[in-house]
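Trainee: I would like to request a close look at one part of this structure. Please describe how a single helix is held in place by its contacts.

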Amino acid sequence: MYKFELQYNAIMEIKEFAHAKINLMLDIRGKLPDGYHSIYTIMQTVGLYDEIYVKKCDGGIAVSCSDSNIPNGQGNIAYKAAENFFSYISNSSADAEIYIEKNIPHGAGLGGGSADAAAVIRALDKLYETGLSARELCLIGEKTGSDVPFCITGGTALCLDTGQVIAPLPPFPPYYMVIVKPPLSVSAAEAYAAYDKKGYIRHPDNERLLNAAVRGDYAEFFKYSANVFEQVIDIPERVDIKDKMRGNGALFTCMTGSGSAVYGIFENKQDAEACICTLKKRYEHVYPTGSV
């Protein structure tokens, strides 16, 4: 599912591709006693990815990133992922030098940080030849972040509770996708706080959507799918982006995660390319992609 390369130099280095995700639908089912929220979402891995380089070194864990807006060191979720990995294998003195070549925009709801953390966990498993199972990798992911377990497994899946319950679904069709990240960035904490303050929420028909996804009936799915965060997060450009996507033949448009990125799904390449040309006249961050 994921591409990786082994390079044998004086110090072995592993390169991982950290794929972004989109939410094909997203509902919040309530607030848990620990303060976290219980979600009901169908997530899909997409072709947009960061490149993660991990190698052994001396002096503990070091994390650096090509994007100056993303923190280095302990402020990066990749650091936490490495700490949790070494704790799990009971090797607190292990070392890792991590470099992130950033392509996934931050504050977009595309799971870029979670994808990076998942890639670090997979890379360290290979680097230290620990041979952990997918379940064990996901257990490490659970301690790192809500979306990390899904980013470890990837594909198309129903994710429940705080993200640690994952049920694989039939693969999503090979549609063409266009993702747009408007100027505004949104933090997940702000989005959930806005949700909690909202008095009334229209919830999607989760069972109907799940049944349609299981049957592969995305014509039905697209009629009823929704992301409840669109009711509480105000993205000024969202209506314009969606209008341009629909005007170029999009089958479905939706905000992903807690925002601010919006994606469109297209049946043919020509419509997707025309949409990209239209959107690039106004927006800087426009990404052609597809499902992985």
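Mentor: The following account concerns helix α2, its packing and its salt bridges, and then turns to the cysteines. This is a predicted model, in which local features need pLDDT of at least 70 and side-chain atom pairs count only at pLDDT 80 or more, while totals for chains, interfaces and linings use all residues. Residues are numbered from 1 along each chain as its sequence is written, and side-chain values use heavy atoms, with hydrogens and water left out.

Helix α2 covers residues 112-127 and packs against helix α1, residues 77-88, at an angle of about 35 degrees, the axes lying 8 Å apart. Helices (H or I, at least four residues) and strands (E, at least two) are DSSP runs, numbered from the N terminus. Axes are lines fitted to C-alpha atoms, for helices over the stretch in contact, and angles run from 0 to 180 degrees between N-to-C directions. The crossing of the two helices is right-handed, that is, the near helix is turned clockwise from the far one by less than a right angle. On the α1 side, the contact (heavy atoms within 4.5 Å) involves Ile-77, Ala-78, Ala-81, Ala-82, Phe-85 and Phe-86. On the α2 side, Gly-113, Ala-117, Val-120, Ile-121, Leu-124 and Asp-125 take part.

Helix α2 also supplies partners for salt bridges, each being a side-chain nitrogen of Lys or Arg within 4 Å of a carboxyl oxygen of Asp or Glu. Arg-122 pairs with Glu-16 at 3.1 Å, N to O. Because Arg-122 lies in helix α2 and Glu-16 in strand β2, this pair ties together parts that are 106 residues apart in sequence. Both residues are buried, buried meaning under 20% relative accessible area, exposed over 50% and partly exposed in between (1.4 Å probe, protein chains only). Glu-16 and Arg-122 are linked with Lys-126 in a network of salt bridges.

A further salt bridge joins Lys-102 and Asp-116 at 2.8 Å, N to O. Lys-102 lies in the loop between β5 (96-101) and α2, and Asp-116 in helix α2, so the pair connects parts 14 residues apart in sequence. Lys-102 and Asp-116 are buried as well. Across the whole structure, the search finds 15 salt bridges.

As for covalent links, there are zero disulfides, a disulfide being a pair of cysteine sulfur atoms within 2.5 Å. The sulfur of Cys-138 is 9.8 Å from the closest cysteine sulfur, in Cys-159, and therefore too far for a bond.
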